[in-house]
Amino acid sequence: AETLETDEAVDRILEQLKQVIPYDSASVQLLDGSELEIVGGSGFADSKAVIGIRFSIPSSNPNTVVVETGKPYLLRNVGNVYPEFTKPPHSHIKSWLGVPLIAQNKLIGLLAIDSAEEGHFTDDDINVATTFADQVSVAIENARIFKEAQKQAITDPLTGVYNRRGLYQLAREDFNKANLAGSPFSTIMIDLDHFK
């Protein structure tokens, strides 16, 4: 809750989650239409390769069960149920725990918590992860609302084009980049009469 930046919030969530429930890898996945997208990961050999992976919903994956039921889903040996977990980048995962992220009575995503050990997670872990996920949902939703408010402050709601504030912000950034690089900088302004 200390940050309104989504990336920073997700990183903190995964750090604090490890203190509550020891894991080998974990990810925060947010719902985007009919897909879940991994927006943060920890414990993977290459976390950057995992970020951006999308899972179709519905599909043959445990994430679908969490999204469709809105309840935690524990698999003590995930590879026996979902063969894709025998392939990289998920091949190290033996136990899998998915916990829904629910904000304002709406499912916004899930926490996926993984272990390389079969049967690693317990019923107590489900209860702790669910309580943790309730707090996580609030932090993520606050960050999303803040980001949306920032976007609305600098763009026209109808066209999505930068408004005056957005234009000045963008111009300031470009001017500073040009100034640091010692490059020339120029602008052109065109006024279109009766433009609708």
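A residue counts as buried when its relative accessible area is under 20%. Keep that cut-off in mind for this predicted model. Asn 63 has 2% relative accessibility, so it is buried.

Where does Asn 63 lie? It is part of helix H3, which covers residues 62-69. Leaving out residues up to four places away in sequence, Asn 63 touches Gln 29, Leu 36, Phe 55, Ile 57, Trp 96 and Leu 110.

Now turn to the sheet. Six strands build it, and the sheet is open. Their order is S3-S2-S1-S6-S5-S4, with antiparallel pairing. Strand S3 (54-56) and strand S4 (73-75) stand at the edges. Each has a single partner strand, so one side of each lacks a neighbour in the sheet. On average, neighbouring strands are turned by 25° against each other, direction ignored.

Look next at one pair of strands. Strand S5 (residues 95-103) and strand S6 (residues 106-115) are joined in the antiparallel sense over nine bridges. Leu 97 has Ile 113 in S6 as its bridge partner.

Two helices pack on this sheet. H3 touches strand S1 (25-32), strand S2 (35-42), S3, S4, S5 and S6. The direction of H3 makes about 30° with that of S5. H5 touches S1, S4, S5 and S6. For H5, the angle with the direction of S5 is about 40°.

Finally, follow the chain past H5. Tyr 162 sits in the loop between helix H5 (123-154) and helix H6 (164-181). Tyr 162 counts as partly exposed because its relative accessibility is 44%. Together with Val 161, Leu 167 and Leu 170, Tyr 162 makes a nonpolar surface patch of about 370 Å².

Conventions
Residues numbered from 1 in each chain as written. Predicted model: local features only at pLDDT ≥ 70, side-chain atom pairs only at ≥ 80, totals over all residues. Heavy atoms only, no water. Patch = residues over 30% accessible without salt bridge, like charges linked within 9 Å, V, L, I, M, F, W, Y side chains within 5 Å. Areas by Shrake-Rupley, 256 points an atom, 1.4 Å probe, with all protein chains shown as cover. Salt bridge = Lys/Arg side-chain N within 4 Å of Asp/Glu carboxyl O. Helix = DSSP H or I, 4+ residues; strand = E, 2+ residues; numbered from the N terminus. Buried < 20%, exposed > 50% of the residue type's maximum accessible area, 1.4 Å probe, protein only. Contact = heavy atoms within 4.5 Å. Pairing = 2+ DSSP bridges. Axes fitted to C-alpha atoms, helices over the stretch in contact; angles between N-to-C directions.
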